[in-house]
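Colleague: Could you take me closely through a single part of this model, namely one strand in the middle of its sheet, together with whatever pairs with it and packs around it? I would like a connected account that I can follow with the structure open.

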Amino acid sequence: MRLRTTPTALSFFNLIRILRRKNIFAMADEGGIRGLHVDSTSAVGGGVQDAYGEDRATETQLVTPWIVSIASGYTLLRDPHHNKGLAFTEKERDAHYLRGLLPPAIMSQELQEKRLMQSIRQYELPLQKYIALMDLEERNERLFYKLLIDHVEELLPVVYTPTVGEACQKYGSIFRRPQGLYISLKDKGKILEVLKNWHEKSIQVIVVTDGERILGLGDLGCQGMGIPVGKLALYTALGGVRPSSCLGITIDVGTNNEELLKDEFYIGLRQRRATGQEYKDFLHEFMCAVKQNYGEKVLIQFEDFANHNAFDLLAKYRSTHLVFNDDIQGTAAVVLAGVVAALKFVGGKLVDYTFLFFGAGEAGTGIAELIALEMSKQINAPVEEARKKIWLVDSKGLIVSSRKDSLQNFKKPWAHEHEPVKNLLDSVKAIKPTVLVGSAGVGQAFTQQVIESMSSFNERPVILALSNPTSQSECTAEQAYKWSKGRAIFASGSPFDPVEYNGKTYVPGQANNAYIFPGFGHGLVISGAIRVHDEMVLSASEALAGQVTDEDFNNGLIYPSFSNIRKISAHIAANVAAKAYELGLASRIPHPQNLVEFAESCMYTPVYRSYR
């Protein structure tokens, strides 16, 4: 009888034969892992070794991409971890069976970068640029991150807000191949098996969403995957977390978006959202499976969950898992840093400020709580005392004590004694805040009357229009400067161009979460942290505020330039790691002597590696 051998089996047998011939098994036994032969002391990231040669500390190490290259050079060119396109040298083309598969020209990574940026800039629509960049990431990972790191200010609005919002809305039409895991109600009881299907095993950071509250766009269901994909790209480009250790996950429990349910191209479950105990049980299975599969030190970042679920999940799992909610904690750290920096313009101390928030959801209450914590720390008083300086407005008006019985639990700490006030303008006139913060996702809520009122009792009113995307911003930069007669200290969630007013150029700041979460996550990874404490979030905020330079202040900015974001992230990571060690929450022993240098050495670098 003739033995039939499958293509997979043939590849495997050929691989074993060649590995033996090249003595690669011996190399693996001596401490090498996957394609990189490094000393175990080079390993970073809470005990997870540098399998692909991604960190700065291993830049000069030789890499052997033998898992994919021995059997077929054609396969190597389709592996985004190792593909270098036309940058393969003559020697590498011979060694890895690439002859004839590439044109004869050899092109440096810098020249490839120049060529691709020229191509991307020719697209007129931001979504076209987004699709082009996602395609690049899927075929040449290092070149993608080289572009993003070297052109961060130009490309950040493409891979992140505001373009990522449009990408999520149209995700069903632009979907190419999986960039993360989709876990739906169909997988109930099998979530651990689904996690094992992901090809990378040493995961350090997970960004997960259920798609119910994507930016200010509402319920986008399964198409919310664009958010984890975008966030993780920034974890790597801005924070230096290895792409191989990042995993985006969408939890699909249905959608209440009627347009999506009727859309023939919708890629998710066609049913109404699961709620109540069914939802809680499903999420609990997910959380337990993640911990079982990836261990105690994997960071789980909750992203764009609806308010009621976001607060419940954070409260339930913060004592048992390493969890972080960027909408609640990340936004809060960024805003607090901006407010602290604004002291230089306004004068006084933080405790002298009065805050009014338009929006009492995840972002609004999260920011308010972190500001209250910082105030209480400065004046050595209970946080309840500090909360009295902070007021919130929701859809029903000013949150006051007479409304307490009808309020959701997370709003009750902000119900102060005051007569009822029905709208934002009257609340501004009644409270007379120093700082006005918008986080409700209601575009143009900061009207001319609101900003003029703020300017009437503040010499330098602080206006923070944080809602994303741009269409949901409470006001534009031009409106803020014009209506305040150039006196406003303004920052927004989405980017705005510089504004000319009365012969002066005003450069608006961007209170972007991307300042915080990449460095924050990197700090957790390099310290091997097992839990997130509020003090660690405060440390991240203080580090960001400390990175605002005199030049930034001279330009009217309360946030540093994004061109220095990797340096900023290293300082944030060091501060977070230091606090983790101080609180006894770090597992990496021994404690690195210089945490900033250590954070920088552990950062992913996108330069091409040389192959044996």
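Modeller: This is a predicted model, and the part I would pick is the pair formed by strands β9 and β10 (residues 462–465), which run parallel and are joined over 4 bridges. To find the register of this pair, look at G438, whose bridge partner in β10 is A465. Between the two strands the chain passes through helix α21 (residues 448–456), and the β-α-β crossover made in this way is right-handed.

Strand β9 itself covers residues 435–438, with V435 and V437 pointing one way and L436 and G438 the other way, and all of these residues are buried. Besides β10, strand β6 (residues 355–358) also pairs with β9, again in the parallel sense and through 4 bridges. Here L356 has L436 of β9 as its bridge partner.

The helix of the crossover deserves a look of its own, since V450, I451, S453, M454 and S455 of α21 are buried. The buried residues of α21 pack against β9 and β10, and also against the helices α20 (424–431) and α22 (477–483).

Turning to β10, you will find both of its faces covered, with V462 and L464 buried on one side and I463 and A465 buried on the other. Strand β10 is joined in turn to β11 by 4 bridges, and these two strands run parallel as well; within this pairing, L464 stands opposite A491 of β11. The connection from β10 to β11 involves α22, and the three elements together make a right-handed β-α-β unit.

Strand β11 (residues 489–492) then pairs with β14, in the parallel sense and over 2 bridges. The residue A491, which faces L464 of β10, also stands opposite G509 in β14.

With these pairings in hand, the whole sheet can be placed: it is open and consists of 7 strands in the order β8-β7-β6-β9-β10-β11-β14, with mixed pairing. Its edges are β8 (397–398) and β14 (509–510), each of which has a single partner strand, and therefore one side of each is left without a neighbour in the sheet.

Around β11 there is also an aromatic group to inspect. F490, which falls within the residues 489–492 of β11, forms an edge-to-face aromatic pair with Y481, with 6.0 Å from centre to centre and 65° between the planes. Y481 lies within α22 (477–483), and both Y481 and F490 are buried. These two residues belong to one aromatic cluster that also contains F496 and Y506.

For a comparison outside the sheet, you might turn to helix α13 (residues 226–237), where 12 of the 12 residues are buried, so that this helix is largely enclosed by the rest of the structure. Among its buried residues are K231, Y235 and T236, as well as I227, V229 and L232. Its length can be checked too: at 1.5 Å a residue, the 12 residues of α13 should span 16 Å, and the C-alpha atoms at its ends are 16 Å apart, which agrees.

Definitions and conventions
Residues are numbered from 1 along each chain as its sequence is written. This is a predicted model: local features need pLDDT of at least 70, side-chain atom pairs count only at pLDDT 80 or more; totals for chains, interfaces and linings use all residues. Side-chain values use heavy atoms; hydrogens and water are left out. The expected span of a helix is 1.5 Å times one less than its number of residues. Buried means under 20% relative accessible area, exposed over 50%, partly exposed in between (1.4 Å probe, protein chains only). Two strands pair if DSSP finds at least two bridges between them. A crossover is right-handed if, with the strands pointing away from the viewer, the path from the first strand over the helix to the second runs clockwise. Rings of Phe, Tyr and Trp (its six-membered ring) pair if their centres lie within 6.5 Å; planes under 30 degrees apart count as stacked, over 60 as edge-to-face and the rest as tilted. Contact means heavy atoms within 4.5 Å.
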